[in-house]
Structure formats: structure tokens, C-alpha cells
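Colleague: Could you take a close look at one part of this model with me? I would like to hear about the backbone there.

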Amino acid sequence: MNKRLDEIKNNIFTNWDIAVNKGGETIAELKQLYEQTGDPECLWLISELLIHKARGGLQEAIIYATEALSLRGDSDALHENFAVALGGYTGEFKNRNHRQLIEYYSIFCRLYPDSFIARKILILNLLDDYRLEEAETEIARAFDDFPDAEEELLIYRGEFYYRSGKPRKAKQVWKEVAETVATARIHYELAEVYAKFGLYKPAERQYKKSFAMEEPPRRIDALISLIHISEIRGDYRAALRYNNKIIEVFKKDYNITSGLELQTFINNKDKYQSLIFE
């Protein structure tokens, strides 16, 4: 590992906002390092910086669109921008990106058949697009090609059953996985598929198990999802509790006490407290 690359990576993941503010300089240096070393980690770090910058831009877009909608709530364009900035879509098929992802990963998986993450992305997008026959075929192939990923593939097979109109069979498959799973990641994957179909009670159980098994520095994905479930239920005390836990993880596990990413959760404290005492 190149020593300077190590330093840049450490700076990025411990000081996100500073790294993004100096993104142009850092990206230029990473490009130079890539030309010198050919290390693809340089390109990965560039993509991380650009994605983080884009997310910051989306947060700003939400703020401006929200204010504009309070003044002009009949604007189709504003509503579309607000939905996109929040990571949603307007329901139009043309706005879904599955087709491009499926085309890309269909080719990629033929070129690199040993890449499990590529196969996973292909399967999930086929399922989301209800291209179920193709998804079933890819799942079956993956069982042969990736025997060590059986638990995760069973989750996708359950999703295939659910989308095929066989929810009882799907739930039985997921239940069997839940009884044998022993990793935070699989608990999280299981929670995700439950939440996707509005099965919030089992999703909540699996998210909690996933977070409980995390080792420092802990990921906060499960906690964010638990906040979303709490909001859906209107349980703002629970949302506040999970939100405060995220702030605690930022401080304890990452030594982060300020910055754009953390500020969202700090702002949420006031929001949930006002909703609790309405």
C-alpha cells in the first residue's frame, strides 16, 4: 500500500467535510497517484468523494425545494425535484434506472463470473423490475457458483417467491434463514427484504440483531432504517432514541462531533422532540 494513499484515505474517512471541501485538490492528487501506481483504490476514493459531494448537493436541493413548495405547491417540476432529491421517484417507468444496471451487469457477470457483488446487483435489479424468470435463472446459477453465499441467496429466493404471489412460501424461507443466521450482514439483508414489503415487525427484529452484532467502528445503516420504521409508525420517541444512538456512534466509534453528515441527526433531535410534545 502506498503511504500517501493511506494518508489520504484516513483523512477522507475521518474528516469527510474537510475532504469534500478540498475535493478538487484531493481528486487531482489521487489521479496523479493512480497514474504513478495503477492502484484502483485511487479511483475508488475519487468515486467516494464525488458521491459524498453529490449527497451534500441533494441535501441542499431538499432545503431549497421544501421552501419553494411552501410558496408554490402546485409546481410539478418542484415536486419531481423534491422526490428525486429525497432518493425517490415519481412513479414513471422511464425514471427507473434498472434497465441500464441490468444491461451492464448482465455483461459484467459474463466477463467476471466470480464476482458475487455483481451477481447480487443483477439479481436485485431483475427482481425489482419484476423480470422474474430471468431472476429465477440467475438465482439458480448463483447457488451453483457461490455455495458459501447460500444464506443470502435464500433471501433472494424468498423475494422471488413473494413477488411471484407466494408470500407464505417466502416467509417460510426467510424464517428458516433467521433461525440459522450468525452474522450482522445477513441479519441486515434479511431485515431489508422484510422492510421492502412492509413487514416491519420482523424487519425491526432483524435490524436490531444486526446492529447488536456490529463491532466498532459500527455501521449505522440498521439504526437509520429503525428510524424510518419508527417514523412510519408515528413512534417518535423510538425515532429519537435511535437517532441519539447514531450521534453516540459517531462520537464513540469515529470521533466525529460536527459536520454535515452528523448535523442531519442533530437537527432531527429537535424535530422528534417537537413531534413528541405536540
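In which loop is N255 found?

Modeller: Happy to help! A word on the basis first: this is a predicted model, where local features need pLDDT of at least 70, side-chain atom pairs count only at pLDDT 80 or more, and totals for chains, interfaces and linings use all residues. Residues are numbered from 1 along each chain as its sequence is written, and side-chain values use heavy atoms, with hydrogens and water left out.

N255 sits in the loop between helix 14 (236–254) and helix 15 (260–276); helices here are DSSP runs of H or I with at least four residues, numbered from the N terminus. Its phi is near 55 degrees, a positive value in a residue other than glycine. Most residues other than glycine have a negative phi, and most peptide bonds are trans. As for its surroundings, N255 is exposed, with a relative accessible area of 67% (exposed means over 50%, buried under 20% and partly exposed in between, with a 1.4 Å probe and protein chains only).

Two other loops are worth a look alongside this one. Y130, in the loop between helix 7 (116–128) and helix 8 (132–145), also has a positive phi, near 60 degrees. Y130 is partly exposed, at a relative accessible area of 48%. In the loop between helix 12 (200–212) and helix 13 (221–233) you will find P217, and the peptide bond leading from P216 to P217 is cis, with omega near -5 degrees.

Definitions and conventions. Helices (H or I, at least four residues) and strands (E, at least two) are DSSP runs, numbered from the N terminus.
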